[in-house]
Amino acid sequence: MKRNKNLFFLFLCLCHLALAQPQTKIPVWKEAAFEMVGQQYGTYKTADLGHVFLGKKNCIVRVAPELDGITGIKLPLENQDGQIILKLKEPAKILVGFFHETPSQKIPANAEKILAKGVTITGMPPVDVYAIPYKKGVQTIKLNIGQPYVLLGVVQNKQILSPRNVDFPDGREWEPYVVEGFSEKKALFEILGGQNDPVVDQKSPGAEAIQGGFEGGAMVKVGAVYHMFPTERAGEIGQPSKYDRIKTRIGHWTSGDAIHWKRQSTVYQASGTYAITRDDNPLNDRRAALWSFMPVFNKETNRWNGFYLAYVCDEETSPNHSFGRIWRSESEKEGMEGVGGPYRDLGIVMEPGWDSQLWEGRQGVDSFFPFKVGNQWLSFYGGAYPYEKRDDYPTKMGKGWFVGLAKSDKLEGPWTRMDTTINPIRSMHPWFIENPIVSQLPDSTYIAMFDGGPDDWGHHLPNMFGYSLSKDGITWTEAHYFPIHTKVKKWWDIMRTPLGIIPEGNNEYTIVYAAIDKSKRFHPMGMVKVKLNTEVLSERRKELK
C-alpha cells in the first residue's frame, strides 16, 4: 500500500513538472524563394486577415503557427483550373490548401497531407494543408481538381514538415468581410498608430468606483478639449460582475490629448433594479440600465441635445437588456461650452409600440444617433433579438443586431421610423451592426463608425470596429473593418465600440474605442490615429449611389 502511495506521489510530481514546463513555440516553416512567370496573380501573407482570392473578401481568421506570415499566391476563386508558372530558385514544396470536403481522388497523388484543418477562411470549409514537391527551375502548377483551392506558400524542401491535426473551425461560421488595406481595394484610411495600452483603465482619475469598465458612448471635441460620455459599467463593490450590466451610469470625462483622461461628473445614473415581469410592463423599472449617451449640437436652439438609452432589465431572460427606450435631454447651458451638462430630460423620442418593426425584437430600440441631411434630420436606430412574427412577443426571439433609419423635420422630433423597404439596412453587414455614429468627411460624404461584432461569445464576427459610407444618408456601402492591431499592440481580446471619429487637421483623425481584456473584469478604453486618403475618397464617392 505504501509503495502504491509513493508511486502515486511520484506520478503527481511528474505531472506538475510537465505542466510547469514552458510550451515549445512552433517555428514558422522556412520559405523558398520564387518568382511568378507571365501571369501576375499577386501575393498575400498567410496570416490573420490575409485575403486569399483575387477580387473576393474571403480572408484568413485562423492559421497554424507553421504558416503564419509566409507568402501565399492570390488566385481567382472562380477559375482555378488554369495554370500558374513559378521559377523556383531551389527544390521546394508548394503548400496547397484543399478544402476539407474535397474528394480525395481529386487531390494529386504526390500531395502529402501535413496539417488537417490547419487554416480557417471566412465563408469556406476548413482547409487541409498539403505539400507538393517540385524541382528547382521553372515549374508549371496545374492541379486540375475542378474545385477551389488556395496556394498558401512555397517552403524549403530540405526541412521536415511534421504532420498534425490542428482542428480549426469551419470557416462557413463567418460571413466574409472586407478588411481595410488587405483586399485589392485601396485603403481609405491608413492606420498611423496609437497607444499600446488602454488610455482609460481602473487607475485613471475617477475610475476607482467603476467595477466593470466601459462600453460604448460617444466623444466630441470642443475647442482643444475632448469630451467623452461613456457608459460606465459601475456595478457594486463586493457584488458579482452581472451587476455591472445593470448598475450603469453615464459619465462625463475630459482630456486635452485623448490619452490622459479625468472624470468630471455623472450625467445620469440607472436604478439597477431587475424587472418583476417578462413583458414590457409599466410595473417594471424602465430605467433600470442606462447606455449610449449621444451628444448632438442643435444650432437652432444653441444647446446640446443628449440622446440616451434606458432599458428594462430581466435577470432570467436573455437578453438581460430589454424593451429599450430613447430619451432626449438638453443642456441647461447655452453654447458649445454647455456640452458637459447638466442636462434636463425632455421625454422619450422612440420606444417599443405598434409602429415597432419585427427586427427591433425584444431588445427594443438599442441605439439612436441623429444626423442632418439637407433640411431634414435622419437617425440610425438599432434593435436586436428579432421576432419573426408579432405573436413571438415577448420571449421567442431570433439572432441578429440590426439598424434602421428614422426621420424628423426637427432634432427634437417627432421621429418616424422609415418603412421596411428601407429598414433594416443590411447593406453594411447581413446581421450585425451596432451603435453607429455618423459624421461627415471633407467632401460631405457621410461616414458611420460602428461596432463590427465579436469573434467570441458564440459569434463569429470581424472583432474589429468598422465604417460605411453614404452620399444621401439612406444608402450605405458594405462595411470595411479597421485592423488597428497591425499598428497598435493588441491588449484586448474582444473589440467593441468606437466613440466616433474626430478630425484633427491634415486629414488625420482620432478614434477612442471600448474593448475587452477577458482576463479582467474592468473593460478599458483605447485610442488610435488614422489618416484619410482623399484620392481614394474621391474614387469611392464616384461609386456611391
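Strands, here labelled S and numbered from the N terminus, are DSSP runs of E at least two residues long. The model shown in these views is predicted.

**View 1. A cis peptide bond precedes Pro319 in the loop between S21 and strand S22 (321-331).** The bond from Ser318 to Pro319 is cis, and its omega is near 0°. Most peptide bonds are trans. A second cis bond runs from Gly413 to Pro414, with omega near 5°. Pro414 sits in the loop between S26 and strand S27 (416-417).

**View 2. An open sheet is built from 4 strands in the order S16-S17-S18-S19.** The pairing in this sheet is antiparallel. S16 and strand S19 (261-269) form its edges, each pairing on one side only. On average, neighbouring strands are turned by 25° against each other, direction ignored. Strand S16 (residues 214-222) and S17 are joined by 7 bridges, S17 and strand S18 (residues 249-255) by 5 bridges, and S18 and S19 by 7 bridges. Tyr226 is opposite Ser255 in S18, and Gly251 is opposite Thr266 in S19.

**View 3. S16 and S17 form a hairpin with 2 residues between the strands.** Gly223 of this hairpin has a positive phi near 65°. Val222 faces Val225, a residue of S17. Strand S17 (residues 225-232) is mostly covered, with 7 of its 8 residues buried.

**View 4. The largest pocket encloses about 880 Å³ of space.** Its lining consists of 31 residues, and those nearest the centre are Val296, Phe297, Phe369, Val438 and Ser439. How does the lining divide into nonpolar, polar and charged residues? The lining of the largest pocket holds 23 nonpolar, 4 polar and 4 charged residues. Several strands supply at least two lining residues each, among them strand S20 (289-298), strand S24 (368-373) and strand S28 (434-440). The biggest share of this lining comes from S16, which gives 5 residues.

**View 5. The second largest pocket holds about 610 Å³ of space.** Glu215, Arg245, His321, Gln363 and Arg496 are the closest to its centre among the 27 residues of its lining. S16, S20, strand S21 (303-313) and S28 each give two or more residues to this lining. By class, the lining of the second largest pocket has 10 nonpolar, 10 polar and 7 charged residues.

**View 6. The largest nonpolar core contains 54 residues.** In soluble globular proteins, nonpolar side chains tend to be buried together. Tyr177, Phe380 and Trp476 touch the most other members of the core. Elements giving two or more residues to this core include strand S23 (343-350), strand S25 (376-384) and strand S26 (401-408). A separate second core has 26 residues, including Ile191, Tyr467, Trp492 and Tyr513.

**View 7. Ser444 and Asn506 have positive phi values.** Most residues other than glycine have a negative phi. Ser444, which is not a glycine, has a phi of about 80°. Ser444 lies in the loop between S28 and S29. Is Ser444 buried or partly exposed? Its relative accessible area is 39%, so Ser444 is partly exposed. For Asn506, phi is near 55°. Asn506 belongs to the loop between S33 and strand S34 (508-516). Asn506 counts as exposed because its relative accessibility is 56%, and the cut-off for exposed is over 50%.

Note on methods
Residues numbered from 1 in each chain as written. Predicted model: local features only at pLDDT ≥ 70, side-chain atom pairs only at ≥ 80, totals over all residues. Heavy atoms only, no water. Buried < 20%, exposed > 50% of the residue type's maximum accessible area, 1.4 Å probe, protein only. Pairing = 2+ DSSP bridges. 1 Å grid on protein atoms, 1.4 Å probe; cavity = no way out; pocket = protein on both sides within 12 Å on 5 of 7 lines; lining within 4 Å. Points joined across faces, edges and corners; volume = space filled by probe spheres on them. Nonpolar A, V, L, I, M, F, W, Y, C, P; charged D, E, K, R; others polar. Core = buried A, V, L, I, M, F, W, Y, C linked by side-chain atoms within 4.5 Å. Axes fitted to C-alpha atoms, helices over the stretch in contact; angles between N-to-C directions.
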